[in-house]
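Colleague: Please walk me through how to read a model like this one, feature by feature.

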Amino acid sequence: MLIDTHCHLDFKDFESDRDDVIERAKRADVGAIINVGSSMAGTKESIALAEKYDFIYAACGIHPHDADRVRDDDLNSFRALLDNKKVIALGEIGLDYYKNVSSKNNQEKLFRRLLKEAKDKGLPVIIHNRDAHEDTLGILKDVMGDSIKGVMHCFSGDEDFLERCLRMGFCVSFTCNLTFKNAGRLKEIAKLVPMDRLLLETDAPFLTPQAFRGKRNEPGYIKHLAEEISRIKGIGIEEVAGITTENAKRLFSIC
Ligand code: NI
């Protein structure tokens, strides 16, 4: 069994065949899916999916791209959603200085407020960080302290950043971009992640594995990522599946 710890089945990319995609994931031995909300609407739809399917869980988050438009009302209704028992994490939340869709100032404000919610509820966090390593770690430390329950989603840093994330207690997840032909550098980093901190994710509909590039990604493709990690680590795919599944269950308290 494999766990897809991060995908966006609520996106309109899945509008026409969502149930089929979920059925295919089941047939591909995906034992649990965490659908990650990245907006107010997406968070609500994540919860609706989690209520419809036993093996789907919801993370509630507002993407840093939305930081300029979030109002206080939104945050109040967001808070109320966190009490649903299928909600197992806060995410994705964080900073995105690559696209800077919202101002840095508003991104930081939103990130701090959502981290505070996670802290109050005792929920793990799913962190989105693009080109914002220093500020991401600084804010995390400031709000959450030194020991954090969470995952650095779609990891994109060097050895030094990895070391600092691990020291803070973070898990690390790679998406199917690890299977890309030009992912040599990322594979070197993946080699350094201790197995007991590693999680799998598709980030579907994005970052489709090399074998299906150009198509939409879906949770059923996650075994391509598990196979890549098995090659990188030089261990069997069963072991990759077993350990990453245990890690996901432990971090998100699921199954
Ligand atoms: Ni995502």
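Modeller: Let's begin with Glu92, which counts as buried because its relative accessibility is 3%. Buried means under 20% relative accessible area, exposed over 50%, and partly exposed in between, using a 1.4 Å probe and protein chains only. Before we go on, this is a predicted model, so local features need pLDDT of at least 70 and side-chain atom pairs count only at pLDDT 80 or more, while totals for chains, interfaces and linings use all residues. Residues are numbered from 1 along each chain as its sequence is written, and side-chain values use heavy atoms, with hydrogens and water left out.

Colleague: Where is Glu92 found?

Modeller: Glu92 sits in strand β4. Strands (E, at least two residues) and helices (H or I, at least four) are DSSP runs, numbered from the N terminus. The peptide bond leading into Glu92 from Gly91 is cis, with omega near 5°.

Colleague: Which residues are the protein donors of the nickel ion?

Modeller: In general, donors are N, O and S atoms within 2.8 Å of the metal (3.2 Å for Na, K and Ca); water is not among the atoms, so sites may look incomplete. Here the nickel ion has His6 (NE2), His8 (NE2), Glu92 (OE) and Asp203 (OD) as protein donors, 2.2 to 2.3 Å away. Along the chain, their spacing reads H-x1-H-x83-E-x110-D. His6 belongs to strand β1 (residues 2–7) and Glu92 to strand β4 (residues 87–96), so this pair ties together parts that are 86 residues apart in sequence. Like Glu92, which is buried, His6 is buried, at 1% relative accessibility.

Colleague: Why is the arrangement of the four donor atoms irregular?

Modeller: For four tetrahedral donors, the ideal angle at a metal is 109.5 degrees. Four donors count as tetrahedral if all angles lie between 85 and 135 degrees; four count as square planar and six as octahedral if opposite donors are over 155 degrees apart and all others between 65 and 115; anything else is irregular. Around this nickel ion the four donor atoms subtend angles of 84 to 172°, which makes the arrangement irregular.

Colleague: Is there a feature of the backbone at Asp203 that I should look at?

Modeller: Asp203 has a positive phi of about 60° although it is not a glycine. Asp203 is in the loop between β8 and α8, and at 7% relative accessibility it counts as buried. That loop, between β8 (198–200) and α8 (222–233), also holds Pro205, and the peptide bond from Ala204 to Pro205 is cis, with omega near 15°.

Colleague: And Asp29: is it buried or exposed?

Modeller: Asp29 counts as exposed, at 53% relative accessibility. Asp29 lies in the loop between α1 (18–27) and β2 (30–36), and its phi is positive, about 70°, although it is not a glycine.

Colleague: How many disulfides are there?

Modeller: A disulfide is a pair of cysteine sulfur atoms within 2.5 Å, and by this rule the count is zero. Cys60 has its closest cysteine sulfur in Cys7, 14 Å away, too far for a bond. For Cys171 the closest is in Cys165, at 11 Å, also too far for a bond. Cys60 is buried, with 0% relative accessible area, and Cys171 is buried with 7%.

Colleague: Now the empty space, please.

Modeller: Rolling a probe the size of a water molecule over the atoms shows where empty space is left. On a 1 Å grid over the protein atoms alone, a cavity is a set of points where a 1.4 Å probe fits but cannot get out, and a pocket is an open set with protein on both sides within 12 Å along at least five of seven lines; lining residues have an atom within 4 Å of a point. Grid points are joined across faces, edges and corners, and a volume is the space filled by probe spheres set on the points. The largest pocket holds about 690 Å³. It is lined by 27 residues, with Asp96, His128, Arg130, His153 and Asp203 closest to its centre.

Colleague: Which residues line the largest cavity?

Modeller: Its lining is made up of Ile127, Asn129, Met152, His153, Cys154, Phe155, Ser156 and Phe161, around about 30 Å³ of space.
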